[in-house]
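Here is the model we talked about, with a few notes to read alongside it. Have a look at the fold before going through the points.

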Amino acid sequence: MLTLRADLGDRLKGEIEGLIDQEIVIYAALGKLVDQEADCVSRRDMDGLMDVLSEKQTYISRQEALLDCWKNVAFSLGVDGGRESAAFWAAIADRVGRKGYDDLVLKVNEVRRMAGTLLDREREVQRELEAHMEEIRSKLMQMRTGRQVLRGYGG
């Protein structure tokens with residue numbers, strides 16, 4: 001019975017590690033895409049930006065599919081709270097043992113670090129894009145005002 005429990009724990013740990021590894025791949029790809037997005041914004045390359053945003057959506061869809069996999073793991077463990085809940089990780093620790101749990105926590109912390117860095121970078125790019133949008137709006141307003149002045153002089 002102990003061997004069966006250990007085998008199930010090893011299998012669960014492998015499944016969780018696989019999900020975490022997939023997340024790491026997705027966040028790494030999204031990080032590169034955010035860099036491309038920033039480059040497009042700074043060059044005001046809207047066509048390039050749209051291409052990058054489209055490619056990002058592919059990875060975001062993959063990430064959403066992974067969330068379903070995490071929900072399935074939580075369901076199989078009999079946990080309602082999902083992977084962000086203490087109950088989820090307590091159930092994992094119970095099934096994979098302390099060493100397995102510690103290994104998983106290290107990988108989860110890496111994912112969290114990557115996600116935090118990505119979110120910070122994404123916010124920077126968003127601020128830059130918003131700043132450029134203000135510049136574009138301002139130029140459009142100046143052009144419109146200039147045309148109105150010309151028309152006022154009979155132009």
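The notes below go through the core, the second helix and the salt bridges.

1. Ground rules. This is a predicted model, in which local features need pLDDT of at least 70 and side-chain atom pairs count only at pLDDT 80 or more, while totals for chains, interfaces and linings use all residues. Residues are numbered from 1 along each chain as its sequence is written, and side-chain values use heavy atoms, with hydrogens and water left out.

2. The core. The largest nonpolar core (buried Ala, Val, Leu, Ile, Met, Phe, Trp, Tyr and Cys residues joined through side-chain atoms within 4.5 Å) has 35 residues, and Ile-16, Leu-77, Phe-88 and Ile-92 touch the most other members. Two or more residues each come from helix 1 (2-43), helix 2 (46-77) and helix 3 (86-152); helices are DSSP runs of H or I, at least four residues, numbered from the N terminus. Beyond its neighbours within four places in sequence, Phe-88 has contacts (heavy atoms within 4.5 Å) that include Ile-16, Trp-70, Leu-77 and Arg-83.

3. Helix 2. The end C-alpha atoms of this 32-residue helix are 46 Å apart, which agrees with the 46 Å expected at 1.5 Å a residue (the span is 1.5 Å times one less than the number of residues). At its N-terminal end, Asp-45 acts as a cap, with a side-chain oxygen 3.4 Å from the backbone nitrogen of Asp-47. After the helix comes Gly-78, with a positive phi near 75 degrees. Among the buried residues of helix 2 are Lys-56, Gln-63 and Trp-70; buried means under 20% relative accessible area, exposed over 50% and partly exposed in between, with a 1.4 Å probe and protein chains only.

4. Salt bridges across the chain. There are 16 salt bridges in the structure, each a side-chain nitrogen of Lys or Arg within 4 Å of a carboxyl oxygen of Asp or Glu. One of them joins Asp-21 and Lys-107 at 2.4 Å, N to O. Asp-21 belongs to helix 1 and Lys-107 to helix 3, so this pair ties together parts 86 residues apart in sequence. Arg-83 and Glu-23 also pair, at 2.6 Å, N to O. Here Arg-83 sits in the loop between helix 2 and helix 3 and Glu-23 in helix 1, 60 residues apart. Glu-23 counts as buried because its relative accessibility is 4%.

5. A network. Shared partners join Lys-13, Glu-17, Lys-99 and Asp-103 through salt bridges. Within it, the closest N and O atoms of Glu-17 and Lys-13 are 3.2 Å apart, and both residues lie in helix 1, four residues apart.

Terms used: Polar contact = N/O pair within 3.5 Å; in protein donor to acceptor, adjacent residues only side chain to side chain.
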